[in-house]
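Let us walk through this structure by its side-chain contacts. Aromatic rings come before charges.

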Amino acid sequence: MKGIILTTHGNFASGLYSTIKMIAGEFENIKIVEFHEGDNLEDLDKRLVEAYDSLDYDQVVVLTDLAGGTPFNRSVMSLSDKGNVGFLAGVNFAMLYQALSSETENLDEFIEEVLETSKESITKFDLEVSQEDDDLDGI
């Protein structure tokens with residue numbers, strides 16, 4: 001199992017994790033770091049490092065909401081020197097749940113698994129109206 005740092009703009013991280021807890025229960029391997037309007041960048045860096053230090057795992061993966069956004073950029077700048085950290089952007093429910101529950105040991109394989117699960121969870125629903133339903137309109 002990997003340590004997970006979930007960092008986003010606003011309350012997205014805590015809201016997403018709240019949904020995970022409602023469906024799957026608590027996880028011990030996660031730390032939430034949110035970036036709110038008016039937050040100091042140095043303070044964000046400090047909270048990211050504190051989250052990393054508090055996770056007692058050989059490997060840590062940082063999940064962020066937006067590639068190139070402040071939480072993503074500051075995570076990379078603050079934690080990339082650790083050597084055992086992976087970074088992913090575009091977090092959704094499936095990505096977070098897979099990351100929290102996966103037991104894949106190899107970091108690269110773990111990241112590919114989490115990415116694939118995330119991508120597969122994105123879908124479009126098309127409502128198909130059957131011909132029989134159209135025939136009932138004249139009744």
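Two aromatic rings count as a pair if their centres lie within 6.5 Å; planes under 30 degrees apart make the pair stacked, and planes over 60 degrees apart make it edge-to-face. Keep those cut-offs at hand. The model is predicted.

Which residues form the aromatic cluster? Phe 27, Phe 93 and Tyr 97 do, as one cluster. The structure holds two aromatic pairs. In one of them, the ring centres of Phe 27 and Tyr 97 are 6.2 Å apart. Their planes stand at 80 degrees, so this pair is edge-to-face. The pair links distant parts of the chain. Phe 27 sits in the loop between H1 and strand S2 (30-35), while Tyr 97 sits in helix H4, 70 residues apart. Is each partner buried or partly exposed? Phe 27 has a relative accessible area of 16%, and it is buried because the limit for that class is under 20%. Tyr 97 has 34% and is partly exposed.

Tyr 97 also pairs with Phe 93. Here the geometry is stacked: 6.5 Å centre to centre, with 10 degrees between the planes. Phe 93, too, belongs to helix H4. The two residues are four apart in that helix, which means that about one helical turn separates them. Phe 93 is partly exposed, at 30% relative accessible area.

Now move to the surface. Phe 93 and Tyr 97 join Met 22 and Ile 23 in a nonpolar surface patch of about 440 Å². Which helices supply at least two residues each? They are helix H1 (12-24) and helix H4 (93-101). Phe 93 and Tyr 97 thus have two roles: they are members of the aromatic cluster, and they are also part of the patch.

Charges come next. Side chains of opposite charge can pair when their charged atoms come close. The structure holds six salt bridges. For a bridge to count, a side-chain nitrogen of Lys or Arg must lie within 4 Å of a carboxyl oxygen of Asp or Glu.

Start with Arg 74 and Asp 45. Their closest N and O atoms are 2.5 Å apart. Arg 74 lies in helix H3 (residues 70-79) and Asp 45 in helix H2 (residues 41-54), so the bridge ties together parts that are 29 residues apart in sequence. Are these two charged residues buried or exposed? Arg 74 is buried, and so is Asp 45.

Another bridge stays within helix H2. Lys 46 and Glu 50 bring their closest N and O atoms to 4.0 Å. Why can they be described as about one helical turn apart? Because they are four residues apart in helix H2. Glu 50 is partly exposed, with a relative accessible area of 42%.

Finally, look at a set of linked bridges. Asp 39, Asp 43 and Arg 47 form a network. Within it, the side chains of Asp 39 and Arg 47 meet at 3.3 Å, N to O. Asp 39 has a relative accessible area of 27% and is partly exposed. Arg 47 is partly exposed as well, at 24%.

To recap, trace the aromatic cluster of Phe 27, Phe 93 and Tyr 97. Then follow the nonpolar patch, with residues from helix H1 and helix H4. End at the salt bridge between Arg 74 in helix H3 and Asp 45 in helix H2.

Definitions and conventions:
Residues are numbered from 1 along each chain as its sequence is written. Side-chain values use heavy atoms; hydrogens and water are left out. Patches are made of residues with over 30% relative accessible area and no salt bridge: like charges are joined within 9 Å, nonpolar side chains (Val, Leu, Ile, Met, Phe, Trp, Tyr) within 5 Å. Accessible areas come from the Shrake-Rupley method with a 1.4 Å probe; for residues, only the protein chains shown count as cover. Buried means under 20% relative accessible area, exposed over 50%, partly exposed in between (1.4 Å probe, protein chains only). Rings of Phe, Tyr and Trp (its six-membered ring) pair if their centres lie within 6.5 Å; planes under 30 degrees apart count as stacked, over 60 as edge-to-face and the rest as tilted.
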